[in-house]
Amino acid sequence: MRIAVIGTGYVGLVSGACFSEFGFSVTCVDNDQAKIDLIQNGTMPIYEPGLEDLVARNVAASRLHFTTDLGTAVADADAVFIAVGTPTRRGDGHADLSFVYAVAREIAPHLDGYTVVVTKSTVPVGTGREVYDIVAQTNPQADFDVASNPEFLREGAAISDFMRPDRVVVGTMSERARTVIRALYRPLYLIETPIIFTELETSELIKYASNAFLAVKISYINQMADLCEAVGANVHDVAKGMGLDKRIGNKFLHPGPGYGGSCFPKDTLALVKTAEQYNIDIGIVDEVVSYNDKRKNAMAGRVKAALDGVVAGKVIAVLGLAFKPETDDMRDSPSVDIIRELVDAGAQIKTYDPKAMDEARHMLPDSVSYCASAGACINDADAVVIVTEWNEFRALTAAQFIAAMRGHVLVDLRNIYDGAQMRDAGLSYSSIGR
């Protein structure tokens, strides 16, 4: 079985490497020669734990290949995965499907023998059938089917998520396509992974519905955190009490500055726009989108309040830039909104993140300075703000903060420290919901 993966972004590169680890011959295609050269030289364009070693191992075994030659890769393939970006379209909030449709037109002339064209990209309902029509119109002689196989990869844990997923969802229009997909995921049958076959539209909607539900949980516990602060309750105990109910579960009940990343922001918005197209009210998701934007903007206000409203001229150390630990992804990260507002208020910002600083330089004001370590970042700071819960930040002690800082204000937006210990040591400590 031979696989072609079109696109070497986060989804395409991880999926291609993992399929090759299953033992298949995989060719990853990208039209960016510089990116292909980078990968072939062993440098990954994204940070994902274990990915560099996984790619190197399968390249050495001649199972994983990288090229800009789309035609040859597609002609040789039994399955072609479309794994290009679907960013939010400027102006109207819909998912931008131009890259997906362009790939469909580009691969159509090169299909040789029966081939399953699989949309791995996150796409709105109806995209799979549109891809089918594009390929059929471009190459009427093509023998092919279209399938939808959405990814459920968490950044920072993508390889384990692919190798041991909660489920595999496949939407397809034919039994021939099901046979091919079953063969591709046969290694997961051996560990009894649920593999769900549905219609195309159902598969596409499962992805959006799942991400939107998790976004709702995040926003819900953030609202409960605000209520806890108002009434004197502890949000962690509230979350624990809720999470022990098996109908609710304890995942995604961790208060923070709002969700970010490559999926939740654009997927919730795209789902809202899809519902609007069909005149369906999904006000819960619509409200979550609005609330999350407001919450990220409100986090700078917490920092200002901790400094008694005096921010101009203050040196503020921001620990963590990526939207979550174990990734370098800065897309829609709360750190961007927080830092921009503090800079506008006259603060001097210095920051440190183990992986995301190169990405951050493209998104943050030029006045922001970048430090080589957490210790260097907090040195002589008037205030420290924890934005991303990297494990190395958890190891910082109250004594280290006291010794290094000029001021003693610590704003913990991820609740990674024991507040009582920090306050007993002499820090002005504030967190979320407790």
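Start by selecting the strands numbered 9 to 14 in this predicted model, where six strands form an open sheet that reads 11-10-9-12-13-14 in order and has parallel pairing. At the edges of this sheet stand strand 11 (369–370) and strand 14 (428–430), and because each has a single partner strand, one side of each is left without a neighbour in the sheet.

Within this sheet, select residues 383–386, which are strand 12, together with residues 409–412, which are strand 13; the two pair in the parallel sense over four bridges. To see one of these pairings, pick Val-384, whose bridge partner in strand 13 is Leu-410. Then add helix 13 (residues 283–306), which lies across strand 9 (315–319), strand 12, strand 13 and strand 14, and which runs at about 155° to strand 13.

Move next to the other sheet of the tour, an open sheet of eight strands with the order 3-2-1-4-5-6-7-8 and mixed pairing. Its edge strands, each pairing on one side only, are strand 3 (64–67) and strand 8 (195–198). On average, and with direction ignored, neighbouring strands of this sheet are turned by 25° against each other.

At one end of that order, select strand 7 (residues 168–172) and strand 8, which run parallel and are joined by four bridges; here Val-169 has Ile-196 in strand 8 as its bridge partner.

Now bring in helix 8, which lies across strand 1, strand 4, strand 5 (115–119), strand 6 (144–148), strand 7 and strand 8, running at about 70° to strand 5. Which residues of helix 8 are buried? In this helix, residues 175–184, they are Ala-177, Val-180, Ile-181 and Leu-184. If you look down the axis of helix 8, these buried residues fall within an arc of 95°, so they line one face of the helix. This fits a general pattern, in which an α-helix has 3.6 residues a turn, so residues three or four places apart point the same way. At the start of helix 8, show the side chain of Ser-174, one oxygen of which reaches to within 3.5 Å of the backbone nitrogen of Arg-176.

For the last stop, select helix 1 (residues 10–21), which lies across strand 1 (2–6), strand 2, strand 3 and strand 4 (79–82), running at about 165° to strand 2. In strand 2 (residues 25–29), pick Ser-25. Is Ser-25 buried or exposed? Its relative accessibility is 16%, so Ser-25 counts as buried. Leaving aside residues up to four places away in sequence, Ser-25 touches Met-1, Arg-2, Ile-3, Arg-63 and His-65.

Technical notes
Residues are numbered from 1 along each chain as its sequence is written. This is a predicted model: local features need pLDDT of at least 70, side-chain atom pairs count only at pLDDT 80 or more; totals for chains, interfaces and linings use all residues. Side-chain values use heavy atoms; hydrogens and water are left out. Buried means under 20% relative accessible area, exposed over 50%, partly exposed in between (1.4 Å probe, protein chains only). The arc is that of the directions from the helix axis to the C-beta atoms. A polar contact is a pair of N or O atoms within 3.5 Å; within protein, one must be able to donate a hydrogen and the other to accept it, and residues adjacent in sequence count only if both atoms are side-chain atoms. Contact means heavy atoms within 4.5 Å. Two strands pair if DSSP finds at least two bridges between them. Axes are lines fitted to C-alpha atoms, for helices over the stretch in contact, and angles run from 0 to 180 degrees between N-to-C directions.
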